[in-house]
Amino acid sequence: QKLVTNHTYPAGQTGIAMAPELLRRAHKSGVKTLLSIQDGEFLPLAQNPHRRACFAKVMTAFVKKYGYDGIEIDWESNFDIPLHAALMADIRQTLHELSRSTSRYYYLATALMAGKKYSADMAGRLSRSVDWINIMTYDIGGGTWGTTPSHNTPLNRIKELMNNWSVFPPGKVCIGLANYGYYYQGIQPGQKSSVPLRSIGRSIYHNQMAALLAAGWTETFDNQALAPYYFSPDGRDFVSIDNTVSLDHKMWWISQRSYRGVFWWEFHCDLVPAAPGQRYAEHPLINHVETKIRGYSR
């Protein structure tokens, strides 16, 4: 009653109030939109078969009410491989039941940290339930929680991590791309910090980089990681973030591995507002990758 029957989206022109309009425009353009449920208390839920089944039914009813095209589960804290597979199987079952009544196919996806390791048996169980897995191949270089800052998305390290995912069919795998990075003060790449990185580092969006470059920041490209660093004019500070060149390397590797595709975290980080006379905002990195995908698809 609370989460479905009596639920309504708030009125307004911003934030979650725009969900119904987003769905309407997405469907008009042939775009699929999934309901993403992010990292709640999944462990106690998944441990109880009755609660698991109830959760699946409630979320599927929500999908039906608003016309979503499926569900995506992002379970990060206290992750349990067998219980996650069981949860996804329960959701797949309720989505199949909904399909029989609506004659529509509903997608089921999940986001998982890149460092997980699956047996062939568990990979098979999960693959039978999900359409694809979004593998979070970012936040690899220390972020603001580690001790030694380095690349946010180094391709050499991503390749190493993805060796553990060879038990999954490539068509079930999507690689995560980041249009954000990290800004560190008073430290060099690979230098261990004497203080927590959160005290000298912060996240930075790609759409904030133009101001740094205009202020004299310069790029150095790491040919081993196939990713750039950007340094302040005095060389004391640096930023780790992708650009179109590093993304080209990633997209080539992804196409060669025949992975299903890519996803972004987060969509808005490279957004450039529409200039006078333009109808829409721009996404320099997202649009660049879209062009690459279309090229590989031909």
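This passage walks through a few residues, the nonpolar cores and one helix pair of a predicted model.

A good place to start is the inside. The largest nonpolar core has 58 residues, and the members that touch the most others are F55, I71, I73, I91, Y118 and M162. Helix α4 supplies the largest share of this core, with 8 residues. Apart from this core lies another one, made of 18 residues, and Y180, Y184, I200 and F263 are among them. Back in the 58-residue core, M162 gives an idea of who meets whom. Setting aside neighbours within four places in sequence, M162 is in contact with I135, T137, V173, I175, W253 and Y259.

Helix α4 also has a polar story to tell. S99 sits in this helix, which runs over residues 81-102. Is S99 buried or exposed? With a relative accessibility of 16%, S99 counts as buried, because the cut-off for buried is under 20%. The side chain of S99 doesn't go without a partner: it reaches the backbone oxygen of R104 at 2.7 Å. R104 turns up again in the contacts of S99 beyond four places in sequence, together with Y105 and Y106.

Next comes a loop residue. N152 is found in the loop between β4 (132-136) and α6 (155-162). Being in a loop doesn't leave N152 out in the open here, as its relative accessibility is 2% and it counts as buried. A polar atom of the N152 side chain lies 2.9 Å from the backbone nitrogen of D139. And what else does N152 touch, leaving aside neighbours within four places in sequence? The list takes in Y138, D139, I140 and G141, then A178, Y180, G181 and Y182, and finally S240.

Some of those names come back with W265, a residue of strand β11 (residues 261-265). Once neighbours within four places in sequence are left out, W265 is in contact with Y138, L177, A178, N179 and Y180. Y138, A178 and Y180 are thus listed for W265 and also for N152. The pairing with Y138 links distant parts of the sequence: the two residues are 127 apart along the chain, yet their C-alpha atoms are separated by 8.6 Å. W265 has a relative accessible area of 35%, so it's partly exposed, while N152 is buried.

Q208 is another partly exposed residue, at 37% relative accessibility. Its place is in the loop between β7 (201-205) and α7 (209-214). The side chain of Q208 reaches back to the backbone nitrogen of Y205 at 2.8 Å. Q208 and C269 are 61 residues apart along the chain, with 8.7 Å between their C-alpha atoms.

Last up is a pair of helices. Two packed helices are described by the angle and the distance between their axes. For α8 (residues 244-257) and α9 (residues 284-297), the angle is about 30 degrees and the axes are 10 Å apart. The crossing of α8 and α9 is right-handed. On the α8 side, the contact is made by T244, L247, D248, M251, W252 and S255. The α9 side brings L285, H288, V289, K292, I293 and Y296. Sorted by class, the contact between α8 and α9 has 7 nonpolar residues, along with 3 polar and 2 charged ones.

Conventions:
Residues are numbered from 1 along each chain as its sequence is written. This is a predicted model: local features need pLDDT of at least 70, side-chain atom pairs count only at pLDDT 80 or more; totals for chains, interfaces and linings use all residues. Side-chain values use heavy atoms; hydrogens and water are left out. Helices (H or I, at least four residues) and strands (E, at least two) are DSSP runs, numbered from the N terminus. Buried means under 20% relative accessible area, exposed over 50%, partly exposed in between (1.4 Å probe, protein chains only). Contact means heavy atoms within 4.5 Å. A polar contact is a pair of N or O atoms within 3.5 Å; within protein, one must be able to donate a hydrogen and the other to accept it, and residues adjacent in sequence count only if both atoms are side-chain atoms. A nonpolar core is a set of buried Ala, Val, Leu, Ile, Met, Phe, Trp, Tyr and Cys residues joined through side-chain atoms within 4.5 Å. Axes are lines fitted to C-alpha atoms, for helices over the stretch in contact, and angles run from 0 to 180 degrees between N-to-C directions. A crossing is left-handed if the near helix is turned anticlockwise from the far one by less than a right angle, and right-handed if clockwise. Ala, Val, Leu, Ile, Met, Phe, Trp, Tyr, Cys and Pro count as nonpolar, Asp, Glu, Lys and Arg as charged, and the others, Gly among them, as polar.
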